[in-house]
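Q: Could you take a close look at one part of this model with me? I am new to reading structures, so please explain the terms as you go.

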Amino acid sequence: MDPYTKLQEIREAMTQLSSTMATLEGDLLNTLKENTELKVENQLLREKLNKLEQNSKVKKVNRGFESLNKIYQSGYHICNTYYGSHRDPNSDCIFCLQILDNMDNRKA
């Protein structure tokens, strides 16, 4: 094979390689762009999830407080010392009130 033909083949191979590299470069740029967008979206979703989890915890504390408060108001002890026993409706239990006060402070 003469040198001119060899040179033509090399030039065609280089042209094809250059075209392939340009295509790969475009694909890489698109992938990097998509990756950046997904990172931002992921961060926003994590923040939203954290906010929802915090709200859920507050709701659970509120429900627990309301349940214990109803039990206490219906005339039963909620404290560890006398839990479940009847209490005198005319007097308050300092231990029960402390539990309700602590739970009320958690709500805020």
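In which helix is the place of Ala13?

A: Happy to help! This is a predicted model, where local features need pLDDT of at least 70, side-chain atom pairs count only at pLDDT 80 or more, and totals for chains, interfaces and linings use all residues. Residues are numbered from 1 along each chain as its sequence is written, and side-chain values use heavy atoms, with hydrogens and water left out.

Ala13 is in helix H1, which covers residues 3–73. Helices here are DSSP runs of H or I with at least four residues, strands are runs of E with at least two, and both are numbered from the N terminus. The protein chain has two helices and zero strands.

Ala13 is partly exposed because its relative accessibility is 45%; buried means under 20% relative accessible area, exposed over 50%, and partly exposed in between, using a 1.4 Å probe and protein chains only. From Ala13 to Lys60 there are 47 residues in sequence and 68 Å in space, C-alpha to C-alpha.

Helix H1 also holds Leu29, which counts as exposed because its relative accessibility is 52%. Lys59 is in helix H1 as well, and with a relative accessible area of 53% Lys59 is exposed.

Now for the whole chain. Its C-alpha atoms fill a box of roughly 115 × 20 × 15 Å along the principal axes. The radius of gyration is 36 Å, while a compact globule of 108 residues would have one near 13 Å; this radius is taken over C-alpha atoms, and the globule rule is 2.2 Å times the number of residues to the power 0.38. Buried residues make up 10% of the 108 residues.
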